[in-house]
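This briefing looks at how a bound ligand is surrounded by protein and at how two helices are arranged.

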Amino acid sequence: MVRSPVEAPQHILSLLDHLHNLSIEQEDRLKGDKARFVSTDVSNTASDGGQVGETTAPTKSLENDSSFDDLMRDKLIALDKDKCHFVYQLIRATGATNVIEAGTSFGISTIYLALAVGENKKRLDAADRRRSKPGVIATENEPSKVVKARQHWKQCGPEVEREIDLREGNLLVTLATNVTQDVDLLLLDIWTPLALPTVKLVQPRLRPGAVILVDHTLTAAHGYKELLDYFSEPANGFRSLTLPYSGGFEMTVYEPRK
Ligand SMILES: C[S@@+](CC[C@H](N)C(=O)[O-])C[C@H]1O[C@@H](n2cnc3c(N)ncnc32)[C@H](O)[C@@H]1O
């Protein structure tokens, strides 16, 4: 078994394992139920390889589909554990202390972000550390998920809670103000139609060399087409690489032209 790179107390590691397992069980059940819930639009996405329970499912026409929102309301749909480990490792390696998460759900990936940023902040002197703002901006628009996420972070304890600034509501509104000028990393774990608008909103706040991670860019290539086209236009200042995690995990570096 591969050893986890995550440095955290055992109660947090156990909680993370438990939540990842719950998420996988839910997704397996959801895949079984897919035929009952899925509209033509989702079926088309699924024919690209996408699956309900992954963030690949929603298409533009489904964004406002209340049956889809109802279906997803109690679903964790957590980022896969190996991807969470990679994100944690990358944050530790780059020394990132300003991270944005688009799509928080029950707050599982957020725990990894908070732990990694918290470790990086140990390099600051004590006074700077005390003065520092939470290092992770999390975003969630479903009130019941906000409650669950906060419960999970409380179970983790202050080392996680103090690093998270949860913005409740539509992220296209909540990320429009009060975002630091030097964002190190943006994790996009969100419905595909929101991906490009989120990038464009956050782009002026990215520091040169900032990293954007996007889940399921292979299985949801259709949904991400506009985003991937935007990344591949040299004038926009991005360099992109698809990492071979399940469904594809896009790692994009921002290097604006001078
Ligand atoms: C794939 S889940 C995030 C999973 C989470 N990153 C994790 O690993 O635990 C995507 C989340 O985005 C939320 N969401 C969808 N549209 C949103 C919006 N406009 N603003 C904020 N959150 C939104 C959904 O409610 C859902 O919980």
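**Ligand shell and helix packing**

Around the ligand, the shell of residues is made up of 8 nonpolar, 8 polar and 4 charged residues. The model is a predicted one, and the points below treat the surroundings of the ligand before turning to a pair of helices.

Ligand surroundings

- The shell comprises 20 residues, and those that come nearest to the ligand are L79, G103, S109, E140 and D189.
- Among the polar contacts to the backbone, a polar backbone atom of G103 lies 2.9 Å from a nitrogen atom of the ligand, while an oxygen atom of the ligand is 3.4 Å from a backbone N or O atom of I108.
- A side chain takes part as well, since an N or O atom in the side chain of N170 is found 3.0 Å from a nitrogen atom of the ligand.
- On its own the ligand has 610 Å² of accessible area, and the protein covers 96% of that area.

Helix packing

- Helix 4, which spans residues 81–94, packs with helix 5, which spans residues 108–121, at an angle of about 20° and with the two axes 9 Å apart.
- Because angles under 35 degrees count as roughly parallel, helix 4 and helix 5 are described as roughly parallel to each other.
- The crossing in which helix 4 passes helix 5 is right-handed.

Notes. Residues are numbered from 1 along each chain as its sequence is written. This is a predicted model: local features need pLDDT of at least 70, side-chain atom pairs count only at pLDDT 80 or more; totals for chains, interfaces and linings use all residues. Side-chain values use heavy atoms; hydrogens and water are left out. A residue is near a molecule or strand if one of its heavy atoms lies within 4 Å of it. A polar contact is a pair of N or O atoms within 3.5 Å; within protein, one must be able to donate a hydrogen and the other to accept it, and residues adjacent in sequence count only if both atoms are side-chain atoms. Accessible areas come from the Shrake-Rupley method with a 1.4 Å probe; for residues, only the protein chains shown count as cover. Ala, Val, Leu, Ile, Met, Phe, Trp, Tyr, Cys and Pro count as nonpolar, Asp, Glu, Lys and Arg as charged, and the others, Gly among them, as polar. Axes are lines fitted to C-alpha atoms, for helices over the stretch in contact, and angles run from 0 to 180 degrees between N-to-C directions. Helices (H or I, at least four residues) and strands (E, at least two) are DSSP runs, numbered from the N terminus. Angles under 35 degrees count as roughly parallel, over 145 as roughly antiparallel, 65 to 115 as roughly perpendicular and the rest as oblique. A crossing is left-handed if the near helix is turned anticlockwise from the far one by less than a right angle, and right-handed if clockwise.
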